[in-house]
Amino acid sequence: SGATSLSGITATAPSGTPARAGVPSANVGQVITLTGTGFTDADRVGFATVDYFTGEIATLFVSPDSVAGDGTSLTVTVPDGAA
């Protein structure tokens, strides 16, 4: 509906070194939390993907794993292929 408002991302990769310190980071398969307002089960989260054979960049949209009852947060698992 266009009413969702993102205010934060909570994620820290358990391994590796983030490209930018102080910015949320995550690895494939890790659950991250988005905070804001107006989240619903119908929302989709977009992740940039890179085809390692062709270098093609695309966006993969996935459904949230869970959404808070008051719509102020959602969790989502970083999908395979996310860059």
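**Glutamine 30 and the largest pocket**

Glutamine 30 is buried in this predicted model, because its relative accessible area of 15% falls under the 20% cut-off. Along the chain, glutamine 30 sits in the loop that runs between strand E1 (5–10) and strand E2 (31–37). Threonine 10 lies 20 residues away from glutamine 30 in sequence, and the C-alpha atoms of the two are separated by 11 Å.

A look at the surroundings of this residue helps to fill in the picture. Leaving aside residues up to four places away in sequence, glutamine 30 touches Thr12, Ala13, Pro14, Ser25, Val76, Thr77 and Val78. One of these neighbours, Thr12, also takes part in a polar contact: the side chain of glutamine 30 reaches the backbone oxygen of threonine 12 at 2.8 Å.

Attention now turns to the open space in the model. The largest pocket holds about 390 Å³ of space. Its lining is made up of 18 residues, and those closest to the pocket centre are Pro24, Ala26, Ile32, Phe47 and Ala83. Two or more lining residues come from each of E1, E2 and strand E3 (45–50). Strand E3 gives the largest share of the lining, with four residues. In terms of residue class, the lining of the largest pocket contains 15 nonpolar and three polar residues, while charged residues are absent from it.

Notes:
Residues numbered from 1 in each chain as written. Predicted model: local features only at pLDDT ≥ 70, side-chain atom pairs only at ≥ 80, totals over all residues. Heavy atoms only, no water. Buried < 20%, exposed > 50% of the residue type's maximum accessible area, 1.4 Å probe, protein only. Contact = heavy atoms within 4.5 Å. Polar contact = N/O pair within 3.5 Å; in protein donor to acceptor, adjacent residues only side chain to side chain. 1 Å grid on protein atoms, 1.4 Å probe; cavity = no way out; pocket = protein on both sides within 12 Å on 5 of 7 lines; lining within 4 Å. Points joined across faces, edges and corners; volume = space filled by probe spheres on them. Nonpolar A, V, L, I, M, F, W, Y, C, P; charged D, E, K, R; others polar.
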